[in-house]
Amino acid sequence: MLAALRTFSLLGIDSEPVDVEVDVSPAAMPKVILVGLPEAAVRESIHRIERALVNSGYERPENRVVINLAPAELPKQAASFDLPIALGLLAASGQIDSQLLDRFAAVGELALDGSARPVKGALSMATAAAAQGVEGIVVPSPNAQEAAVVEGLEVIAVDSLTQAAAFFSGGLQVAPTPPRLDQLFQELGGYEMDFRDVRGQEMAKRAITLAASGGHNLLMIGPPGSGKTMLAKRVPTVLPELLAEESIETSRIYSAIGKLPAGKPLLARRPFRSPHHTISNAGLVGGGSTPTPGEISLAHNGVLFLDELPEFNRQTLEVLRQPLEDGTVSISRALRSADFPADFMLIASLNPCPCGYRSDPRRDCHCSVPQIERYMAKISGPLLDRIDLHIEVPAPRFNELSAAADGTDSGSMREVVVAARRQQEKRFRRSSTRTNAQMTTRELRGHCSLNGACQAMLEQSVDRLGLSARAHDKVLRVARTIADVDASISSDSKGRGGDNIRVEHISEAINYRMLDRQFWT
């Protein structure tokens, strides 16, 4: 007897449809043959499935069993095939009779006692199932809330093989898991940290507001203990709230590698990733024989913070160039290649010298010139060119630390950011561009027109600082953001601001490019 049902195979962060075909036929000796390019975890599953069947009260087929996982050329890995194979064995051996096998897909790992264990990538599999037009998907209970965020798909949660078999045979009615998207955003969307905790550093907060408003990358230089890490950790609190589509897109990456936090089936806050400086190339951008996402993809739609930037391996930093420009990363291997999203906001921090006190007027720096040159040479010019804002974060004074009044808080900063982003939505409503930092060269010329005074100042600065063509364009993008932010803070009665880039906007944007020339010369 032949039985067939649907399941999915996880490849990277995407899921591919797989048909599980089970044929049970009479034979002198019982034998199980598994074909369809199964990896080791799938080949070993036969022993788990057999014991799960017996321990759940079913009979192990004492015949010749051929299990085919189609398409045959697609590598099959992970233990998510346990449940569909077990259900196929029950249907092919006549132990259950189901009319639902062609309407519902199934994924899940089985324990020896028949209980269902969670699998990685349930969200990607549910998304693929909805795209394939499947009516519903049967998943282990711990994966149900994660899969239920996909609209137009019935998600059936089961705790064991017995429960799944009863559902498919019609002996048990299981209500679909309801989506709780709005409730999850309310429960998980808040932040504990706030910029009001940071005393002083109002200039740094201004730069962070600009970076968040336009989606710009930011570099902070300052002595140890000046608050660089404290500032960076609070950047997600001023970014616009995650849209449902962004949340699902980011959660899919975490789900595929099993990094969704327990009790949080969906990421409701923008991710903040801060990898250690010993991270490898593959750990940062992704890799492996079967490509898996790295830290830059885990920071998708959020913030990637690289603390103590010169301590990172220079080659590791250089692999950031292409993702910073394109917002995606392509990983190519001998067997297959994969594209992972990597649209993140880069924030980096470093000390001005090995001892850290080169720019601190209260401490003496004992670093020699060759030491400082070697330290700064770890960061290449092309990488610095891709960072829009360079700011100095000086050590706060005592009167700032002991002040009773709070500094600028995250709420007021977020209001400015959201208002500036709203202007950009109107500006790019007919384009795929979302923020000023993503403007193409053609959009740059259309939305960043300069008057004579602005043109003269920019020309003088390019010649004096030796800015590259990329840095020239980034100055214009930052000036566009400054104009948007100023327009959102206060509307000029004479109509100044808004769509007009003025001399003070160009001047401030150029100042954010001068720090690298000061410290790297």
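Select Arg 445 and Asp 473 to begin: in this predicted model, the two residues form a salt bridge in which the closest N and O atoms are 3.7 Å apart. Arg 445 belongs to helix α19 (residues 441-447) and Asp 473 to helix α21 (residues 469-489), so the bridge ties together parts that lie 28 residues apart in sequence. With the surface displayed, compare the two partners. Arg 445 is partly exposed, at a relative accessible area of 48%, whereas Asp 473 has 12% relative accessibility and counts as buried.

Next, select Glu 325, Asp 385, Arg 386, Arg 470 and Arg 513. Salt bridges with shared partners join these five residues into one network. By the same rule, the count of salt bridges comes to 28.

Now turn to Arg 321 and Glu 318. Their side chains meet in a salt bridge with an N to O distance of 2.4 Å. Is each partner buried or exposed, or something in between? Arg 321 is partly exposed, with a relative accessible area of 31%. Glu 318 is buried, with a relative accessible area of 18%, which falls under the 20% limit for that class.

The following stop is Glu 135 with Arg 103. The side chains of this pair also meet in a salt bridge, at 2.9 Å from N to O. Which parts of the chain does the pair tie together? Glu 135 sits in the loop between α4 and β8 (136-140), and Arg 103 in the loop between α3 (82-92) and β5 (104-106), so the bridge links parts that are 32 residues apart in sequence. Glu 135 is partly exposed, with a relative accessible area of 31%, and Arg 103 is partly exposed as well, at 36%.

From Glu 135, move along the chain into strand β8, which covers residues 136-140. β8 is mostly covered, since five of its five residues are buried. Display the backbone here and select β5 together with β8: the two strands pair in the parallel sense over three bridges. Within this pairing, Ala 105 has Ile 137 of β8 as its bridge partner. Then add strand β9 (residues 154-158), with which β8 pairs in the parallel sense over five bridges. Ile 137 is again the residue to select, as it stands opposite Val 155 in β9.

Return to helix α4 (residues 122-131) and select helix α10 (residues 244-256) with it. The two helices pack at an angle of about 125 degrees, their axes being 7 Å apart. That angle makes α4 oblique to α10. To see the contact itself, show the side chains of Ala 122, Leu 123 and Ser 124 on α4, and of Ile 248, Ser 251, Arg 252 and Ser 255 on α10. What is the character of the residues in the contact of α4 with α10? They divide into three nonpolar, three polar and one charged.

Finally, zoom out to the whole chain. It contains 22 helices and 18 strands, and its C-alpha trace spans about 90 × 55 × 50 Å along the principal axes. Colour by accessibility to view the division between interior and surface: buried residues make up 52% of the 521 residues in the chain. Among contacts between residues at least 6 apart in sequence, 76% join residues at least 24 apart.

Definitions and conventions. Residues are numbered from 1 along each chain as its sequence is written. This is a predicted model: local features need pLDDT of at least 70, side-chain atom pairs count only at pLDDT 80 or more; totals for chains, interfaces and linings use all residues. Side-chain values use heavy atoms; hydrogens and water are left out. Axes are lines fitted to C-alpha atoms, for helices over the stretch in contact, and angles run from 0 to 180 degrees between N-to-C directions. Helices (H or I, at least four residues) and strands (E, at least two) are DSSP runs, numbered from the N terminus. Angles under 35 degrees count as roughly parallel, over 145 as roughly antiparallel, 65 to 115 as roughly perpendicular and the rest as oblique. Contact means heavy atoms within 4.5 Å. Ala, Val, Leu, Ile, Met, Phe, Trp, Tyr, Cys and Pro count as nonpolar, Asp, Glu, Lys and Arg as charged, and the others, Gly among them, as polar. A salt bridge is a side-chain nitrogen of Lys or Arg within 4 Å of a carboxyl oxygen of Asp or Glu. Buried means under 20% relative accessible area, exposed over 50%, partly exposed in between (1.4 Å probe, protein chains only). Two strands pair if DSSP finds at least two bridges between them.
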